[in-house]
Amino acid sequence: MLDYSNILSQTIQDIKPSGIRKFFDMLDGMKDVVALTVGQPDFVTPWHIRVAAIESLENGKTYYTSNSGTLELRSEISAYMNRRFSLNYDPKNEIIVTVGGSEAIDISIRALLNPGDEVIIPQPAFVCYGPIVELAGGTPVYIDTKEENKFKLTADELKEAITPKTKLLILPYPNNPTGAIMTKEDLEPIAEVLRDTNIMILSDEIYCDLTYGMNHTSIANIDGMWERTIIASGFSKTYAMTGWRLGYTLAPAEITKQMLKIHQYAIMCAPTTSQFAAVEAMRNGDEDVEMMRSEYNRRRRYIVSGLRSIGIDCFEPEGAFYVWPNISKFGMSSEEFCERLLAEEKVAIVPGTAFGDCGEGFARISYAYSVEHIAKAIDRIEKFVSKLG
């Protein structure tokens, strides 16, 4: 019998499975669970976007597109970035349409790293960054952001983490899981630290349209940062198109040229039908986005108020669709708190440690669910914490 431990890549064997997925697996077979776990809009993709996809199929448009994606879609992405964020990207050689934001992150990291390069990653953060860095032969260097700083990366923290091996800084804002954002005033000191270095930036802006009370600012807007920034984004969160698997990268032409090689050999092109849908989304979807953002904002205010009213301290998020309550006062680990909440009251939330060791004492709760669903969960959480004393 084969010994697969001697056959499989040691790098992939050493990488831990996603802490989010581990917790989801516990839900299998359970009934009457109120889940607030999934980072997925509960809205159905707007009908006019689905119609565009259906029409493309009816018209037989089922062929490969160019590796970078259709020029029509890349032109719409370029127009959107200019309209929404005053950023200019040439659709012909500075944009790649990818299979979701996940591929956008992957090809960005792989195009930049040599073995041994260090990548600075502020935490808590989405689970994919560190493993992708390791798969590319790099070394993740984590910075634990702090609640007193609203989970923003500070210039002093960045300075301390930089070494001669630093190649890349990942900026995951608006942030999953905390809901933190970085304003122009927050980003300018970060830019000042980087300005006289060769350090690149990967700005994951998948939640750029889901900010509350202020518009998103990209670090690519800051003087001197455009040429060192790759933006990874997509359609999943903004347009409720998670299953369509469509994202994109925005970067200077020389970087895009190298990322395209990885995309060509590993993927070929993003799904054709999804691209036709995305053209319609960007061209005529602004009202849909505003409707969904308004509803998320209503849920955001409701869940923060509800958690605080039952005695759970909760950072108020300014972006994305997650809250990050502090549960440390209950005297148990994040994982134990979430496991007991699931077992005793059948409410599913995600332990903070799924997003890095600094997530200990916190949990992630998604409010991409109806207010009625959230209210039911809060009632059950109140029963649970009342028993803890």
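These legends go with close-up views of a predicted model.

**View 1. Tyr-207 meets Phe-321, edge to face.**
The whole structure holds 15 aromatic pairs. Here we zoom in on one of them, Tyr-207 with Phe-321: the ring centres sit 5.5 Å apart, and the planes make an angle of 90 degrees. Along the chain these two residues are 114 residues apart, so the pair links distant parts of the chain, going by where each one sits. Tyr-207 belongs to the loop between strand S6 (200–204) and strand S7 (229–234), while Phe-321 belongs to the loop between strand S9 (313–315) and strand S10 (322–326). Are these rings buried or exposed? Tyr-207 has a relative accessible area of 4%, so it counts as buried, and Phe-321, at 0%, is buried too.

**View 2. Trp-324 and Phe-355 make another edge-to-face pair.**
The ring centres of Trp-324 and Phe-355 are 6.0 Å apart. Their planes stand at 80 degrees, and since anything over 60 counts as edge-to-face, that's the label this pair gets. Trp-324 is in strand S10, and Phe-355 is in the loop between strand S12 (350–351) and strand S13 (363–366). With their positions 31 residues apart in the numbering, this pair also links distant parts of the chain. Trp-324 is buried, with a relative accessibility of 0%, and Phe-355 is buried as well, at 2%.

**View 3. Five rings gather in one aromatic cluster.**
Pull back from View 1 and you'll meet Tyr-207 and Phe-321 again, this time with company: Phe-43, Tyr-296 and Tyr-322 belong to the same cluster.

**View 4. Helix H5 packs against helix H9.**
H5 covers residues 100–112 and H9 covers residues 253–266. Their axes are 9 Å apart and meet at an angle of about 120 degrees. Why call H5 oblique to H9? Roughly perpendicular stops at 115 degrees and roughly antiparallel needs over 145, so an angle of about 120 degrees lands in the oblique group. The crossing is right-handed. On the H5 side, look for Glu-103, Ile-107, Ser-108, Arg-110 and Ala-111; on the H9 side, look for Gln-258, Met-259, Ile-262, His-263 and Ala-266. Sorted by class, this contact has five nonpolar, three polar and two charged residues.

**View 5. Pro-164 sits out in a loop.**
Find this proline between helix H7 (155–161) and strand S5 (166–171). Pro-164 has a relative accessible area of 89%, so it counts as exposed. Ala-79 lies 85 residues away along the chain, and the C-alpha atoms of Ala-79 and Pro-164 are separated by 38 Å.

Note on methods:
Residues are numbered from 1 along each chain as its sequence is written. This is a predicted model: local features need pLDDT of at least 70, side-chain atom pairs count only at pLDDT 80 or more; totals for chains, interfaces and linings use all residues. Side-chain values use heavy atoms; hydrogens and water are left out. Rings of Phe, Tyr and Trp (its six-membered ring) pair if their centres lie within 6.5 Å; planes under 30 degrees apart count as stacked, over 60 as edge-to-face and the rest as tilted. Helices (H or I, at least four residues) and strands (E, at least two) are DSSP runs, numbered from the N terminus. Buried means under 20% relative accessible area, exposed over 50%, partly exposed in between (1.4 Å probe, protein chains only). Axes are lines fitted to C-alpha atoms, for helices over the stretch in contact, and angles run from 0 to 180 degrees between N-to-C directions. Angles under 35 degrees count as roughly parallel, over 145 as roughly antiparallel, 65 to 115 as roughly perpendicular and the rest as oblique. A crossing is left-handed if the near helix is turned anticlockwise from the far one by less than a right angle, and right-handed if clockwise. Contact means heavy atoms within 4.5 Å. Ala, Val, Leu, Ile, Met, Phe, Trp, Tyr, Cys and Pro count as nonpolar, Asp, Glu, Lys and Arg as charged, and the others, Gly among them, as polar.
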